[in-house]
Each structure stands twice: as C-alpha cells, then as structure tokens.
Amino acid sequence: MGVLQELRAKKRLTQQELADILSVPRTTLAHYESGRNEMSYGLLIKTADFFDVSVDELVGRKPSAELFSDARVPKSEVQQLFDELDRAGQQEVIGYIKGMLYAGRAAKNKHG
C-alpha cells in the first residue's frame, strides 16, 4: 500500500471523497495511488497540507537518520528529545555538551 493510500485510509476517506477534496477525477487519484502517474508540484503541496505531512513523507522519502556519518545515536532521536525541552532545558543541554567536549579535550591534552 502506498503512502497516499495509507493516509487516505487513516482518514477513512473513499477515493471519490479525496478526489473531490483535491479537485481531481477519481480515476486520476487511483493512478496517483498506484504510482502510475505522479502529482504536479502544486497538488503535492495541497495534498501534503491536507494530510498535515511533508511532501517528502507524502512521496515516501525517508530523511537521513544520522547526525554525522559516525554518529551512534540517530539525529532524529536527538532532535526529537531536544525539541521537547523548553528553552532553559535546551540551554542546559548545550552547556552540558560543551562541558563534556571541554573535559574530553582536556583529558586528551593531558595524556598526550
């Protein structure tokens, strides 16, 4: 099942109902869902807005999960947790990270 079809099913819409919302024929929507045809840029935006998803999500594109190529924790997880903090919490985390980096550099310089 494609992303568009999954999103439509989650909203419990028929193809005809979604086609009416998007102002396209039902057969055209069926072709989008099957991958036979691709949406125009404008229709992609309208559809993504309707479902409250990004265009990338709508077309099935997955974001890069890594903060850096050698990261051990996915960027998405770090970003999600960081975003849940208020501004004061975010500043505290930044201070903690800077402290860890400073301590690591100091220990490295001390030993060699």
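The loop between helix 1 and helix 2 holds Arg12, a non-glycine residue with a positive phi of about 55°. Keep in mind that this is a predicted model. A second positive phi turns up at Asp52, just after helix 4. Between those two spots, helix 2 packs against helix 4 and also against helix 3.

**Backbone oddities**

- Most residues other than glycine have a negative phi.
- Arg12 goes the other way, with its phi at about 55°, and Arg12 is exposed, at a relative accessible area of 77%.
- Asp52 isn't a glycine either, yet its phi is near 60°.
- You'll find Asp52 in the loop between helix 4 and helix 5, where it is exposed with a relative accessible area of 70%.

**Helix 2 on helix 3**

- Two packed helices are described by the angle between their axes and the distance between the axes.
- For helix 2 and helix 3, the angle is about 105° and the axes are 8 Å apart.
- That angle makes helix 2 roughly perpendicular to helix 3.
- Helix 2 brings Gln15, Gln16, Leu18, Ala19 and Leu22 to the contact, while helix 3 brings Arg26, Leu29, Ala30 and Glu33.
- Sorted by class, this contact has five nonpolar, two polar and two charged residues.

**Helix 2 on helix 4**

- Helix 2 (residues 15-22) meets helix 4 (residues 41-51) at an angle of about 115°, with 11 Å between the axes.
- The handedness of this crossing is right-handed.
- On the helix 2 side the contact residues are Leu18, Ile21 and Leu22; on the helix 4 side they are Leu43, Lys46, Thr47, Phe50 and Phe51.
- The class count here is six nonpolar, one polar and one charged.
- Leu18 and Leu22 of helix 2 show up in the contact with helix 4 and in the one with helix 3.

**The two sides of helix 4**

- An α-helix has 3.6 residues a turn, so residues three or four places apart point the same way.
- In helix 4, the buried residues are Leu43, Leu44, Thr47, Ala48 and Phe51.
- Looking down the axis of helix 4, these buried residues fit within an arc of 135°, so they line one face of the helix.
- Tyr41 and Asp49 sit on the other side of helix 4 and are exposed.
- The cover over the buried residues of helix 4 includes helix 1 (3-10), helix 2, helix 3 (26-34) and helix 5 (55-58).
- Among the buried residues, Leu43, Thr47 and Phe51 are also part of the contact with helix 2.

Conventions:
Residues numbered from 1 in each chain as written. Predicted model: local features only at pLDDT ≥ 70, side-chain atom pairs only at ≥ 80, totals over all residues. Heavy atoms only, no water. Axes fitted to C-alpha atoms, helices over the stretch in contact; angles between N-to-C directions. Helix = DSSP H or I, 4+ residues; strand = E, 2+ residues; numbered from the N terminus. Left-handed = near helix turned anticlockwise from the far one by under 90°. Contact = heavy atoms within 4.5 Å. Nonpolar A, V, L, I, M, F, W, Y, C, P; charged D, E, K, R; others polar. Buried < 20%, exposed > 50% of the residue type's maximum accessible area, 1.4 Å probe, protein only. Arc of directions from axis to C-beta. Parallel < 35°, antiparallel > 145°, perpendicular 65-115°, else oblique.
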